[in-house]
Structure formats: structure tokens, C-alpha cells
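Student: Please take me through one part of this model closely. I would like to see how a single helix relates to the core and to the surface.

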Amino acid sequence: MEIILRVLAGFFGAFFLLMGLRWIIDPSSAAASLSMPLLDGAGLSTQIGDVGSFFITIGAMTLIGVIKRKRYWLYAPSMLLLVAAFYRVLSTVLHGAAFALPSIAIEIIVGLFLIFAGSKISKES
């Protein structure tokens, strides 16, 4: 079971890392894949920097956690995903944004999975 969890967590890590790289290589397709317009000027800088770093950080920390088998490396990416889901819900409730159920579901499922996987694959006692 540990191997399956590590492979699945590694898949998620690689996916997020590649998504982060897309933000610097081809930001227009990265934005389109998230149903957002590509901004311009300072907004473009912020969009590429913030969204790209979000995905790179989640991917890199997840892969480090899988390779090192240390659960604490999986806590930050999990927190980023779960807080993003929470903010999506708040954006709907407080500001009338569309309720992005598929994105919220993915963030919650992967976020909770990383906590679970970390507890099972960790070399720590």
C-alpha cells in the first residue's frame, strides 16, 4: 500500500509541478486550462508569479515528501490546497463568484490525500 500511495502522491506532485512550469513556458494555455483570462501589465506579472509559484510549490514539496518519505513535506502543499478550496467557497458566498465545484473537489480530495499519504509513507515514528 505504501508504494501505491507514494506513486499516486508522486503523480499529483508531478502534475502540479508541470502546471507551474506551464505558467512560465505558456501562460496563455495555463490560464485557459483554469478558465481564467490572461491579464496584461502588472496583472500578468502577478498572475504568472502567484499562480505559477502556487503550483510549483505544491508540486516540489509533494515530490520532496514522496522521495524523502517525510510527512511534514506534505503538510504545506496540503494546506495550500485546502485553503484555496476554502477561499473558493468564500468567493462564492461573499462575492458572488461562480461555485467552482470541480476545482474545490480536486483541492479537497488531493489536500486530504496528502495528509493521509504522509501518515502512511513516512519513515518517522
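**A close look at helix α5**

Tutor: Take helix α5, residues 101-121, in what is a predicted model. I108 is found in this helix. I109 is found in helix α5 too.

Start with the surface. I108 has 35% relative accessibility, so it counts as partly exposed; the band for that class runs between 20% and 50%. I109 has 58% relative accessibility and therefore counts as exposed, the cut-off being over 50%. Across space, I109 has L82 at 8.8 Å, C-alpha to C-alpha. In sequence, I109 and L82 are 27 residues apart.

I108 also belongs to a nonpolar patch on the surface. The other members are Y72, Y75, L112 and I115. Together the five residues named have about 470 Å² of accessible area. Helices α4 (72-95) and α5 each supply at least two residues of the patch. Helix α5 gives the most, with 3 residues. An α-helix has 3.6 residues a turn, so residues three or four places apart point the same way. Compare the numbering of I108, L112 and I115 in the patch.

Now turn inward. The largest nonpolar core has 19 residues. Those with the most contacts inside it are F16, W23, F55, L81, V110, F113 and L114. Helices α1 (2-25), α2 (27-33), α3 (41-68), α4 and α5 each give two or more residues to this core. The largest share, 6 residues, comes from α1. In soluble globular proteins, nonpolar side chains tend to be buried together.

L81 gives a view of the packing. Leaving out residues up to four places away in sequence, L81 touches F16, F54, I58, E107, V110, G111 and L114. Two of these contacts, V110 and L114, are also on the list of residues with the most contacts inside the core.

Helix α3 adds another side to the picture. Its buried residues are Q47, V51, G52, F55, I58, G59, M61, T62, G65 and V66. The cover over them includes α5, along with α1, α2 and α4. One of the buried residues, I58, is among the contacts of L81. Helix α3 also has the expected span: at 1.5 Å a residue, its 28 residues should span 40 Å, and its end C-alpha atoms are 40 Å apart, which agrees. Just after α3, R69 takes a positive phi of about 60 degrees.

To sum up, α5 gives 3 residues to the surface patch, gives two or more to the core, and is part of the cover over the buried residues of α3.

Notes: Residues numbered from 1 in each chain as written. Predicted model: local features only at pLDDT ≥ 70, side-chain atom pairs only at ≥ 80, totals over all residues. Heavy atoms only, no water. Patch = residues over 30% accessible without salt bridge, like charges linked within 9 Å, V, L, I, M, F, W, Y side chains within 5 Å. Areas by Shrake-Rupley, 256 points an atom, 1.4 Å probe, with all protein chains shown as cover. Salt bridge = Lys/Arg side-chain N within 4 Å of Asp/Glu carboxyl O. Helix = DSSP H or I, 4+ residues; strand = E, 2+ residues; numbered from the N terminus. Buried < 20%, exposed > 50% of the residue type's maximum accessible area, 1.4 Å probe, protein only. Core = buried A, V, L, I, M, F, W, Y, C linked by side-chain atoms within 4.5 Å. Contact = heavy atoms within 4.5 Å. Expected span 1.5 Å × (residues − 1).
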